[in-house]
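Biologist: I would be grateful for a close look at one part of this model, explained step by step for a first-year student. Please begin with the terms that are needed, and then build the picture outward from there.

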Amino acid sequence: MQTDISLREAVHNFQPSDEWKLEQGLAGVELHLLDQTRSKEVDGDVPGWEGEVPVTTRKFDEKLAGDELPGWEGYVEWEDYPEKRRMAHEILISQKFPPPPEFQLGPIPNTNPVLEGIRWKLWHRAIGGRLTAVPEESWAIVLKEKSPDMLHLLQFPYNGEPPKRLVTAQPITPNPLHFIRNHGGIPSIDPSAWFLRLDGLVKDPKKLTLADLQDESQFPRMERLVTIQCSGTRRIEQIALYAGEGDEMINAPWAEGAIGTARYVGISLKKVIKYCGGLIDDAKHLELAGADTYFKMNEVMNYVISVPYSKVKANEVMLVWEMNGEPLPKIHGAPVRAVVMGYIGARSVKWLYRITAIPEPTHAPVQSREYLYFNQQVGKHNQRWTDGIQIQEMPVSSAIMSPWNKQVVVHEGKIEVKGWAYSGGGRWPERVEVSADGGFSWYAVPTENMSTKFKFAWRTWHMWLPCDVEGWIEIVVRCWDNSLNTQPIEVRNAWNWGLHVTSSAHRIRVYSVNKAKERTKARLGEFEKRGVSFVPITRPTEFPYMTWEEYEEYFKQSGPRDVDE
């Protein structure tokens with residue numbers, strides 16, 4: 001049973017609520033026919049749209065959770081105030097909150113947003129003060145900055161991805177269609193009021209403004225094309241196989257769109273550390289803090305992770321303020337966010353406000369207790385944080401964007417297949433292979449049908465896959481990166497209790513209708529002549545398949561069904 005339905009609040013529903021179910025094959029009866037012999041797929045053009053932010057007026061109780069600084073709306077500082085964190089903990093343990101909604105063992109809600117995040121809203125309201133309005137304000141920013149085509153997996157904290165038809169429509173993801181994976185509300189920080197604190201084990205702690213960072217005489221400008229991928233990408237496949245941990249935010253039911261590629265402008269964090277005199281003592285990691293408020297096990301904190309200094313020294317951690325030629329959108333972390341190239345998206349902290357040099361990886365929960373990759377025998381019955389590998393670099397992966405799972409595809413001996421391929425850690429897709437027989441024989445995607453190589457970016461691809469077979473077939477894609485890493489063939493090999501990193505070869509099942517075969521061509525013509533839809537494929541045909549004269553002639557030529565001797 002969907003436990004949070006009765007508590008749902010009114011939401012603005014842009015996206016047809018069932019589109020993501022359709023593209024995953026969860027509502028196959030409603031899938032449209034894909035006739036590749038007649039017209040092209042949707043070309044992915046994004047129609048013009050305008051979002052409006054409703055005005056929110058509310059009086060805030062500033063005693064516990066007030067805005068920390070002028071011009072920093074929605075930013076509550078927790079890390080500097082242990083007593084304030086203790087008081088927030090006392091508030092949370094004194095109340096009862098609903099359990100997470102069930103979206104694995106029960107049906108996935110047929111709504112958009114799919115899940116509301118009622119627990120997270122109630123936690124914010126329980127703390128009160130400035131946090132009370134954060135869910136409402138954050139949703140308003142979603143509606144303003146994100147395309148109406150977005151699939152809203154979780155309303156708050158906002159998690160959303162574009163539908164399959166738009167994920168790879170362009171090699172560079174438009175800002176309104178880039179996926180979002182938030183862990184808290186969306187602060188609104190005035191760029192002129194923003195500053196970055198650098199402290200801890202650095203020789204000369206600093207406080208730098210945006211103007212300081214943009215001073216090219218001190219910090220050379222960087223521009224990089226970078227793919228950011230959530231470790232939950234394609235989680236829906238693991239859920240379909242076996243249920244796992246079910247926090248609606250940490251384990252949101254992502255499909256293939258939790259990945260995006262953008263061109264970022266900023267500076268290397270290495271240069272900033274050098275400006276601070278370098279690291280001292282035993283500093284080996286940098287702790288990055290975001291201005292959003294995060295909740296974990298009745299504790300309240302800011303969003304905090306860490307990255308090893310070796311990653312920073314390689315100039316693979318950027319501080320960015322521009323995305324695809326535009327100022328960084330609020331929802332993507334304005335004024336300044338971190339972009340950690342080749343790592344899971346959770347390390348690219350949004351609304352960055354503090355960097356602290358430390359000797360060991362941070363104990364903050366997002367680093368030490370979440371985003372862990374467990375052995376398959378580890379689960380609710382025995383898990384410990386130390387049993388999981390902390391996920392950093394993303395492994396090689398790929399996905400099919402078209403056709404859709406369980407779709408009926410009409411073709412003439414070749415099926416057009418489209419998708420993406422990616423490998424983290426500074427590796428890149430070198431070869432993409434597609435199979436029409438479940439992975440027995442593979443066809444390489446022609447190099448000219450793949451987008452340009454970049455060290456930290458995906459490659460989009462398409463090909464015409466030879467397919468003479470009719471009926472149900474299984475199309476599979478796998479990628480080989482430049483280090484010759486490839487993907488496990490079955491999702492069972494990738495399954496883990498946290499449902500992270502679905503790195504297995506992506507599989508879809510489609511119903512192949514080969515119009516190059518004369519009998520098939522004639523039958524399709526008969527459906528069209530009678531004005532009868534060919535889909536859903538399960539609907540019985542209500543007209544005769546052949547005349548009785550043809551029937552009798554067949555047995556006259558072939559002999560009877562049974563013989564006497």
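Modeller: Helices and strands are here runs assigned by DSSP, with at least four residues of type H or I for a helix and at least two of type E for a strand, and they are numbered from the N terminus. The model itself is predicted.

Let us begin with helix α3. The residue that follows α3 is G128, and its phi is positive, near 80 degrees. Helix α3 covers residues 118-127, and eight of its 10 residues are buried, so the rest of the structure largely encloses this helix. The buried residues are I118, R119, W120, K121, W123, H124, A126 and I127. They pack against two helices, α2 (82-93) and α4 (134-145), and against two strands, β11 (285-296) and β12 (299-308).

Helix α11 offers a second case. It runs over residues 518-530, and G531, which follows it, has a positive phi, near 70 degrees. The length of α11 can be checked by a short calculation. The expected span of a helix is 1.5 Å times one less than its number of residues. For the 13 residues of α11 this gives 18 Å, and the C-alpha atoms at its ends are 19 Å apart, which agrees. In α11, the buried residues are T520, L524 and F527. Viewed down the helix axis, the buried residues of α11 lie within an arc of 55 degrees, so they line one face. A general rule helps here: an α-helix has 3.6 residues a turn, so residues three or four places apart point the same way. On the face of α11 turned away from the buried side are the exposed residues E518, R519, A522 and K529. The buried residues of α11 pack against β20 (408-411) and β26 (506-514).

Those two strands lead us to a sheet. Strands β20 and β26 belong to an open sheet of six strands, whose order is β1-β20-β26-β25-β22-β23 and whose pairing is mixed. At its edges stand β1 (34-35) and β23 (443-444); each has a single partner strand, so one side of each is left without a neighbour in the sheet.

Strand β22 deserves particular attention. Five of its seven residues are buried, so β22 is largely enclosed by the rest of the structure. Strand β22 (residues 429-435) pairs with β23 in the antiparallel sense over two bridges. Strand β22 also pairs in the antiparallel sense with β25 (residues 471-481), here over six bridges. Residue E433 shows both relations: it stands opposite A444 in β23, and it stands opposite R478 in β25. For V434, the bridge partner in β23 is Y443.

From this sheet we may turn to the cysteines. Why is C479 without a bonded partner? Its sulfur is 19 Å from the closest cysteine sulfur, that of C230, which is too far for a bond. Indeed, the structure holds zero disulfides. Accordingly, C230 is in no disulfide, with the sulfur of C479 as its nearest, 19 Å away. Residue C479 is buried, with a relative accessible area of 0%, and C230 also counts as buried, at 6% relative accessibility.

A further sheet completes the account of the strands. It is an open sheet of three strands in the order β19-β21-β24, and its pairing is antiparallel. Its edge strands are β19 (397-402) and β24, each of which pairs on one side only. On average, neighbouring strands of this sheet are turned by 30 degrees against each other, with direction ignored. Between β21 (residues 414-422) and β24 there are eight bridges, in the antiparallel sense. Among the paired residues, E416 has W464 in β24 as its bridge partner.

Within β24 (residues 459-466) lies T460, a buried residue with a relative accessible area of 11%. Apart from residues up to four places away in sequence, T460 touches T168, P171, G419, W420, N449, M450 and S451.

Residue N382 may be set beside T460 as a loop example. It lies in the loop between β17 (372-373) and β18 (389-390), and it is partly exposed, with a relative accessible area of 35%. Leaving aside neighbours within four places in sequence, N382 is in contact with Q377 and D387.

Definitions and conventions. Residues are numbered from 1 along each chain as its sequence is written. This is a predicted model: local features need pLDDT of at least 70, side-chain atom pairs count only at pLDDT 80 or more; totals for chains, interfaces and linings use all residues. Side-chain values use heavy atoms; hydrogens and water are left out. A disulfide is a pair of cysteine sulfur atoms within 2.5 Å. Buried means under 20% relative accessible area, exposed over 50%, partly exposed in between (1.4 Å probe, protein chains only). The arc is that of the directions from the helix axis to the C-beta atoms. Contact means heavy atoms within 4.5 Å. Two strands pair if DSSP finds at least two bridges between them. Axes are lines fitted to C-alpha atoms, for helices over the stretch in contact, and angles run from 0 to 180 degrees between N-to-C directions.
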